[in-house]
Amino acid sequence: MKKLLGTFLTLSVVVPFFALGASLQFAPSTESVGRGGNITVDLFFDPEGESFNAIEAQVHFPYNIIRGETISTGKSIISLWIEQPNFSNNSQGSVSLSGIIPGGFEGIIDQNGELQAGNIATFSFLAAHEGVGNIEVSSARAIKNDGKGTVAILAPSRVALNIEGTSASSSSLFFADDNTPPEPFVPQIVRFVGGGDSDYALVFHTTDKGSGLDHYEVKIDGGEFRKEKSPYILSSDRSGSIIMVKAVDVAGNERIESVRVPFFYTTLHLFAIAIIGVIVLSLLLWGAKKFFKY
Amino acid sequence: MSKGYLLGAFSLLALLTLYTLPAMAGNTATVSVSVVAPACNDGSDNDADLLVDYPTDLGCSSLIDNDESNAASSVECDDDADNDADGEIDFPADLGCDSLTDDSEAGEAVSIGGGGGGPPLARSVGDAQVFFEGIAPQGLIVGVLMDGVSAGTVVASKDGTFALNLSNLVSGVYLFSLYVMDAKGNIYAPVSLTVRLPANLSVYIRGIDLTQNKIRRPVNSCGKQGDLNNDCKIDLVDFSIASYWWQRPLSQEFNKLERQSLSGDGKVTLEDFSILAYYWTG
């Protein structure tokens with residue numbers, strides 16, 4: 001009897017930490033399609049009622065049977081991405097993501113007062129070859145919204161895939177009906193504290209509640225638009241330049257905002273001003289001396 | 001009572017406590033969320049003019065207009081005109097309006113985009129809206145951050161209540177953080193709520209209690225707790241500075257800053273971003 005109680009006591013303390021711990025969950029958990037078909041899976045974060053404000057995860061997929069096509073973050077609870085998920089590492093079959101939720105996330109409150117899991121990202125793959133495999137979160141952690149950086153290791157999740165030999169048509173479903181550009185935003189020129197090659201940087205950020213933001217492009221004066229990330233470090237010779245920032249969503253809608261770079265006072269400028277000041281003052285003193293002599 | 005029963009009772013209590021704690025944690029316990037169809041999208045002839053909803057009823061300016069009536073009104077907050085030229089018309093869209101009977105759209109007590117400083121919030125043009133109602137210490141400023149960006153402020157009324165509305169939003173999932181700032185400039189811990197705003201409907205979030213939270217950002221905390229550019233705010237600029245150093249060796253100067261304002265472990269990690277997110281002011 002004592003043994004039974006002891007076991008129950010141990011379980012009662014230990015089990016809740018596993019059963020109630022925050023987790024990342026894929027939906028659906030299984031997918032079976034023919035070759036050439038599309039696979040769309042949502043990655044959800046369930047904080048189980050606790051408040052978390054930062055998440056990072058590594059997602060792996062069997063690149064020998066499926067190919068990453070698009071990742072949408074339009075429905076994501078992540079407000080600011082440190083590392084926005086993309087398929088640039090498609091040949092390795094891995095996607096890294098990390099981001100923060102200022103103020104913390106406890107769950108999406110529904111009309112019944114219940115807290116629901118929140119979407120992190122929606123992944124779309126093309127079923128390329130026949131076979132079986134898993135899309136899985138290989139490592140993931142979240143940080144509690146306590147200001148101390150308390151780490152919680154997230155329970156793993158996976159999608160079991162079965163790509164059949166029969167051909168399926170690609171529906172290419174992603175966001176054909178999204179005609180809304182990303183939200184308006186205000187690019188800022190800020191003093192860039194902490195070193196680097198310059199004292200100034202361009203910072204920008206916007207959101208897209210439809211297909212989700214894909215990337216930013218930056219154009220300086222008459223140059224070409226080039227893919228860039230925030231912060232964009234500015235060299236000191238950019239004073240007076242007009243910088244245009246283009247935000248592009250997954251569906252290809254664009255919004256362009258612009259900002260004029262103010263005049264930068266570099267150490268060299270200040271040194272030159274000081275030299276000129278000294279010369280002007282010396283001349284004035286020399287002139288005054290000469291004036292009073294006569 | 002035997003030792004066995006005591007152990008059993010204790011284990012049951014432990015089990016109940018641990019299962020209940022997460023549900024009780026946080027600050028959303030008193031909050032209720034309701035989604036209602038505005039008068040111009042409810043399928044009813046609210047003003048008895050035999051015309052129903054937008055665009056049939058010309059008294060409706062959109063599907064989220066909550067007044068079908070098109071009777072001319074001399075009251076600024078109900079006259080279908082942008083009297084203060086701020087791009088918003090009447091209650092509840094113009095946050096300068098406390099009610100439909102308010103005769104001034106000018107918002108001395110309410111502002112959009114200025115609450116947490118930084119650049120003004122560029123407004124989206126969508127068909128979703130949200131109303132916040134709750135209690136806060138009277139006379140103090142209540143601010144709301146939308147996805148980490150300042151979206152508006154209002155002063156808590158004499159009876160210790162506040163009401164705030166954000167309209168013309170694109171439908172989707174939003175994180176709202178409501179906080180109180182006192183006369184000295186101390187910022188209190190926010191109540192953070194994530195809700196889904198559907199198109200053409202009004203979401204009411206009621207029962208927000210801002211009276212219980214403690215000071216999170218004292219007025220004298222400039223340059224600390226994630227304030228990397230020493231401007232007394234934790235916002236996109238601080239996030240951008242930290243992002244630059246993500247997975248890079250730190251410069252000597254930034255290493256000093258990291259020790260002063262972040263976790264102090266000599267590198268920029270997820271824990272540092274969590275500190276930024278915790279003290280975030282927008």
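**Exercise 1. Determine what share of the 282 residues of chain B counts as buried, and describe the chain's fold content.**

Solution. Of the 282 residues of chain B, 48% are buried, where buried means under 20% relative accessible area, exposed over 50% and partly exposed in between (1.4 Å probe, protein chains only). The model is predicted: local features need pLDDT of at least 70, side-chain atom pairs count only at pLDDT 80 or more, and totals for chains, interfaces and linings use all residues. Residues are numbered from 1 along each chain as its sequence is written, chains are lettered from A and ligands numbered from 1 in the order in which they are written, and side-chain values use heavy atoms, with hydrogens and water left out.

Next, the secondary structure. Chain B has 4 helices and 10 strands; helices (H or I, at least four residues) and strands (E, at least two) are DSSP runs, numbered from the N terminus. Along the sequence their order is α-β-β-β-β-β-β-β-β-β-β-α-α-α.

Finally, the surface. Chain B exposes about 12,700 Å², of which carbon and sulfur atoms supply 57%; accessible areas come from the Shrake-Rupley method with a 1.4 Å probe, and for residues only the protein chains shown count as cover.

**Exercise 2. State which helices and strands chain A contains by number, and how its contacts are spread along the sequence.**

Solution. Chain A has 2 helices and 20 strands. Of its 294 residues, 47% count as buried. A contact means heavy atoms within 4.5 Å. Among the contacts in chain A between residues at least 6 apart in sequence, 69% join residues at least 24 apart.

**Exercise 3. Is A:His215 buried or exposed, and what surrounds this residue?**

Solution. First, locate the residue: A:His215 belongs to strand β16 (residues 213–220) of chain A. Because its relative accessibility is 17%, A:His215 counts as buried.

Then list the partners. The side chains of A:His215 and A:Glu217 are joined by a polar contact of 2.8 Å, a polar contact being a pair of N or O atoms within 3.5 Å; within protein, one must be able to donate a hydrogen and the other to accept it, and residues adjacent in sequence count only if both atoms are side-chain atoms. With neighbours within four places in sequence left aside, A:His215 touches A:Lys227, A:Lys246, A:Ala247 and A:Val248.

**Exercise 4. Locate A:Phe271 and decide whether this residue is buried or exposed.**

Solution. A:Phe271 lies in helix α2 (residues 267–293) of chain A. Its relative accessible area is 54%, so A:Phe271 is exposed.
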